Amino acid sequence: MNTTSNSSSFHRPIASDCQPGQRFYVRVLRQDGPRKRRYWQRFALEYEADMNCISVLQRIAENPRTDDGRDVAPVAWECNCLEEVCGACTMLINGWVRQACTALVAQLLQDRPGEIELRPMTKFPVLRDLVVDRSRIFAILEKILAWVPVDSYYDLGPGPRQSQEAQQMAYLYSKCMSCGCCLEACPQFLKIELEYREGETPEAYNARLRTANMRAYIGSHAIAQVELFNSNPIGAMNATERLDALVAEGGIQVCGNSQNCVRVCPKGIPLTTAIARAGRAATRHIFRKWFDR
Amino acid sequence: MQRPDPASIFGRYEFLVRRLHSLIGLLPVGAFLFIHFVTNFSILDGPATFQMRVDQIHSLGPITLPVVEWSCILLPIVAHALIGLIIVARGKRNLLYYRYARNFRYTFQRWTGVVAFAFIAWHVFDTRGWIQESWWVAHVTHPLGGGTFDAARAAATATASVQASGWVAAAYLVGVLACVYHLANGVWTMGITWGAWTSPAAQRWATMLCAAVGLGLAVMGLGALWGMATTVIR
């Protein structure tokens with residue numbers, strides 16, 4: 001499978017220019033809370049062997065003082081697995097959307113000497129500093145039924161066998177960690193951030209946000225998940241439901257074929273292949289819906 | 001299980017509208033562009049040949065021709081353009097951050113679409129005055145200098161409108177190339193949208209196919225433009 005991913009460029013060998021103790025700067029785009037003013041702060045750090053952007057943020061948390069000597073609140077960020085499989089630490093590093101845990105400082109300083117720039121993702125509402133609210137991704141996965149519904153009240157026995165080829169393709173799609181890189185780079189996926197209306201209850205606000213999330217573009221990660229679960233022999237039993245969601249408002253039709261998604265996907269998922277295959281499935285689905293009933 | 005929230009009124013038809021937009025870009029709009037270029041290319045065979053081609057079109061008859069023109073040319077172009085403008089407005093282009101060839105093609109598709117629409121609107125007014133109704137012709141078209149094409153003197157009036165000034169010729173050059181790119185790249189995205197070419201390898205082949213189609217169309221369009229710009233009718 002030929003996937004046009006740039007992940008290989010992330011993991012190329014590093015020339016050992018960086019010496020322990022070498023000074024470098026980290027510029028962080030900060031924000032104290034949702035919809036608050038954004039501002040830059042710069043921190044000076046000393047290089048340590050095998051440093052990545054998470055250890056950079058840990059060093060800043062230990063000693064949250066800017067390079068001009070002001071004590072500030074520590075920078076907030078999210079991380080979890082530290083091995084590029086959870087997606088929690090996704091942010092813009094030197095303008096590239098990627099995971100902080102696999103962004104090695106030596107490599108970043110080799111590409112742009114002296115300074116590293118950290119920004120939160122731009123397509124999701126900022127909660128604080130580098131922490132964004134990615135719950136829309138999970139609302140989308142709910143919309144497209146990104147799971148295999150199995151009634152587990154009694155033993156159903158083994159599922160149907162799958163060909164090696166089908167397994168290989170499914171494996172590629174199953175690597176998705178819902179990090180949101182594809183959505184960040186997508187010109188058709190726009191940020192949704194709602195303000196509270198006067199006197200609005202949290203329930204009413206959440207309902208309004210959910211409707212907005214459900215009506216907006218689902219993005220290529222979700223289209224690949226439709227392919228994954230519809231290719232599963234048991235998952236295929238709900239294929240019609242997923243295809244209905246795929247052609248609903250904010251579905252596959254919003255894709256504009258810029259193909260940025262496949263270039264930025266850290267897991268090298270063949271997203272554009274999934275989009276085209278899902279497009280074919282959508283074509284078949286809509287004809288069946290109109291003419292076969 | 002909780003089902004997705006109901007779509008908005010427009011959203012319910014979003015898929016249908018986007019697929020129709022994709023389809024009419026090729027048929028009839030793309031097909032018309034090809035026929036239009038072939039017709040006008042005949043100016044290179046001389047004014048008499050071009051006049052004959054125009055007469056063939058007008059042999060459809062004074063009632064049939066406008067019906068065909070409105071249903072197969074004007075309305076599909078207007079529909080394609082209006083839906084296209086909504087699509088452009090609902091995207092947030094990011095070529096400056098993601099400088100990939102495919103992203104350039106995506107961005108350029110939107111630019112050429114807008115340019116082509118503006119060009120076609122001007123071109124159709126300049127040559128045909130949009131509407132051939134006597135009040136409109138007397139009060140709008142003629143005062144604004146539009147409607148210069150006369151099917152009875154096709155070669156003379158068509159060449160005159162291209163040769164009006166250097167600016168007009170330049171506008172034709174930009175307009176023709178914008179239309180050609182928009183159609184050729186549009187066929188490529190259409191193949192993905194409908195699921196004709198799915199794998200990266202197939203999409204690379206399709207790129208070459210669409211580039212060849214685009215080159216062919218560019219030769220036809222520029223040849224026709226060259227003929228219109230250089231043919232002198234006495």
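What pattern does chain B follow, read along the sequence? The pattern is α-α-α-α-α-α-α-α. Keep in mind throughout that this is a predicted model.

**Stop 1: chain B as a whole**

Select chain B. Eight helices and zero strands make up its secondary structure. Turn the C-alpha trace along its principal axes, and the spans come to about 75 × 40 × 35 Å. Chain B has 234 residues, and 29% of them are buried. Now consider its contacts between residues at least 6 apart in sequence: 70% of these join residues at least 24 apart.

**Stop 2: helix 1 of chain B**

Select residues 14-41 of chain B. This is helix 1, with 28 residues. At 1.5 Å a residue, helix 1 should span 40 Å, so the 38 Å between its end C-alpha atoms agrees with expectation.

Go to Ile24(B). A kink of about 40 degrees lies there. Shortly after the kink comes a proline, Pro28(B).

Next, colour the buried residues of helix 1. They are Phe15(B), Arg18(B), His21(B), Gly25(B), Val29(B), Gly30(B), Leu33(B), Phe37(B), Asn40(B) and Phe41(B). What do the buried residues of helix 1 pack against? Show helix 3 (64-89), helix 7 (166-194) and helix 8 (200-230) of chain B to see their partners.

**Stop 3: helix 4 of chain B**

Select residues 101-128 of chain B. Helix 4 has 28 residues, so at 1.5 Å a residue it should span 40 Å. Its end C-alpha atoms are 38 Å apart, which agrees.

Colour the buried residues here too. They are Arg102(B), Asn103(B), Tyr106(B), Gln109(B), Thr112(B), Gly113(B), Ala116(B), Phe117(B) and Asp126(B). Which elements cover them? The cover includes helix 3, helix 6 (154-162) and helix 7 of chain B. It also includes an element of the other chain, helix 10 (260-264) of chain A.

Step past the end of helix 4. Gly129(B) follows, with a positive phi near 70 degrees.

**Stop 4: where the chains meet**

Show both chains. Their contact takes 32 residues from chain A and 30 residues from chain B. On the chain A side, select helix 7 (202-215), helix 10 and helix 11 (271-291), since each is worth a look: each supplies at least two residues of the side that touches chain B. Helix 11 of chain A gives the largest share, eight residues. By class, the chain A side divides into nine nonpolar, 16 polar and seven charged residues.

**Stop 5: chain A as a whole**

Hide chain B. Chain A has eleven helices and seven strands. Its C-alpha atoms fill a box of roughly 70 × 55 × 40 Å along the principal axes. Of its 293 residues, 42% count as buried. Among contacts in chain A with a separation of 6 or more, 71% are between residues 24 or more positions apart.

**Stop 6: the two domains of chain A**

Colour residues 7-128 as domain 1 and residues 134-291 as domain 2. Their C-alpha centres lie 30 Å apart. How many residues does each domain give to the contact between them? Domain 1 gives 15 and domain 2 gives 17.

Finish on the domain 1 side. Select strand 4 (residues 96-99) of chain A, which supplies the largest share of the side touching domain 2, three residues. The classes on this side of domain 1 are six nonpolar, five polar and four charged residues.

Methods: Residues are numbered from 1 along each chain as its sequence is written. Chains are lettered from A and ligands numbered from 1 in the order in which they are written. This is a predicted model: local features need pLDDT of at least 70, side-chain atom pairs count only at pLDDT 80 or more; totals for chains, interfaces and linings use all residues. Helices (H or I, at least four residues) and strands (E, at least two) are DSSP runs, numbered from the N terminus. The expected span of a helix is 1.5 Å times one less than its number of residues. The bend at a residue is the angle between axes fitted to the seven residues ending there and the seven starting there. A residue is buried if 20 or more other C-beta atoms lie within 10 Å of its own, exposed if 12 or fewer, and partly exposed in between; C-beta atoms are placed from the backbone. Two residues are in contact if their C-beta atoms, placed from the backbone, lie within 7 Å. Ala, Val, Leu, Ile, Met, Phe, Trp, Tyr, Cys and Pro count as nonpolar, Asp, Glu, Lys and Arg as charged, and the others, Gly among them, as polar. Domain bounds come from an automatic or database domain assignment.
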